[in-house]
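This report covers the salt bridges, the nonpolar cores and the overall make-up of a single chain. The structure is shown first.

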Amino acid sequence: MRLTAELINKSPAYINPVRDRELDLRGHKIPQIENLGAALDQFDTIDFSDNEIARLENFPLMKRLHTLLLSNNHIGRIESTLGETLPSLSTLVLTNNRLVNLSDIDPLVGLPSLRNLCLIDNTLTKRQNYRLYIIFKLPNLKVLDFRKIRPKERQDSEKLFGKPALPGPKDSGKGKAKVFVPGEGIPGVAQPATATTAANSIGMSVEQAQALRAAILAATSMDEVARLERALQSGHIPADIILPSSSSSSSSSSSSSSGSNGHTSGADVDMKQA
């Protein structure tokens, strides 16, 4: 089954036990990653377990995503520019895939936030010095295969492979990945609404759009997110959204009114004295 925008929008989405927003795409026999822009970068975790994905590639820019679950797939290749599209990815679970050689994980060097990695039941775990090689290539890693990396392992890795290269600018000569905004170019999927686009497209003020976006980020349930997204797209401001301009306007109006009343009272006194 293809990973379509319709499948993404109909799949279960919920707040998981660690309070992350999670999208459940398990068990659909998905052959490749595509159309993820339809998720509009609204999730902390995406679960792709039990599919037929062969390559870890083709992600849109997803700044929010920090956990990818990809157990029981067919992954044998990883995109070299993954770090450009998933800058916040900190946990990657690749249990029971088809990674064969130690060099197959080299592209993960580009993930600046990666701290937890699981490669259990991949052929590469049987290679000599497997663990020390991973530690050498990914010096910021804290946990490998659910085991915390010890200082002794880091020392042994350095003795065997030398000092790890410090993370820095991309040294791959393969060029940059095509990074696109979630939802871009997908028929029937609305573009992610920002304060400026909302104001320009439906006449909503920038302040109103910003207040709605802040409410979406602070929402604690997917139903609340959906309700506020609909409001942002339609230009309707829910009654429970407090706009900064409203309080200042109210206070300004109140000051003006009291000033006006004070002036009238003074005038009345003058007339009485006359």
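The count of salt bridges in this predicted model comes to eight. Three of the pairs are listed below with the distance between their N and O atoms.

| Basic residue | Acidic residue | N to O distance |
|---|---|---|
| Arginine 2 | Glutamate 34 | 2.9 Å |
| Arginine 64 | Aspartate 44 | 3.0 Å |
| Arginine 131 | Glutamate 153 | 2.5 Å |

The salt bridge between glutamate 34 and arginine 2 links distant parts of the chain, 32 residues apart. Arginine 2 is in the segment before H1, and glutamate 34 is in the loop between E2 and strand E3 (45-47). Glutamate 34 counts as buried because its relative accessibility is 10%, under the 20% cut-off.

Aspartate 44 sits in the loop between E2 and E3, and arginine 64 in the loop between strand E4 (55-56) and strand E5 (67-69), so their salt bridge ties together parts that are 20 residues apart in sequence. What is the burial state of each partner? Arginine 64 is partly exposed, at 25% relative accessibility, whereas aspartate 44 is buried, with a relative accessible area of 10%.

The pair of arginine 131 and glutamate 153 joins helix H3 to helix H4 (residues 151-161), with their positions 22 residues apart in sequence. Arginine 131 and glutamate 153 are both buried. Elsewhere, salt bridges link Arg26, Asp47 and Asp50 in a network.

Another polar residue, asparagine 16, lies in the loop between strand E1 (13-15) and strand E2 (21-24). Its relative accessible area is 9%, so asparagine 16 is buried. Beyond its neighbours within four places in sequence, asparagine 16 contacts Glu22 and Thr45.

The nonpolar residues come next. In soluble globular proteins, nonpolar side chains tend to be buried together. Here the largest nonpolar core has 45 residues, and those with the most contacts inside it are Ile46, Phe48, Leu56, Leu68, Leu92, Leu108 and Ile134. Helix H1 (5-10) and helix H3 (130-137) each supply at least two residues of this core; the largest share, four residues, comes from H3. Leaving out residues up to four places away in sequence, leucine 92 touches Leu56, Leu68, Leu70, Leu108, Leu114, Asn116, Leu117 and Cys118. A second, separate core has six residues, among them Ala211, Ile216, Val225 and Ile241.

For the chain as a whole, there are eight helices and ten strands. Of the 274 residues, 41% are buried. The accessible surface comes to about 15100 Å², with 52% of it belonging to carbon and sulfur atoms. Among contacts between residues at least 6 apart in sequence, 52% join residues at least 24 apart.

Note on methods. Residues numbered from 1 in each chain as written. Predicted model: local features only at pLDDT ≥ 70, side-chain atom pairs only at ≥ 80, totals over all residues. Heavy atoms only, no water. Buried < 20%, exposed > 50% of the residue type's maximum accessible area, 1.4 Å probe, protein only. Contact = heavy atoms within 4.5 Å. Areas by Shrake-Rupley, 256 points an atom, 1.4 Å probe, with all protein chains shown as cover. Core = buried A, V, L, I, M, F, W, Y, C linked by side-chain atoms within 4.5 Å. Salt bridge = Lys/Arg side-chain N within 4 Å of Asp/Glu carboxyl O.
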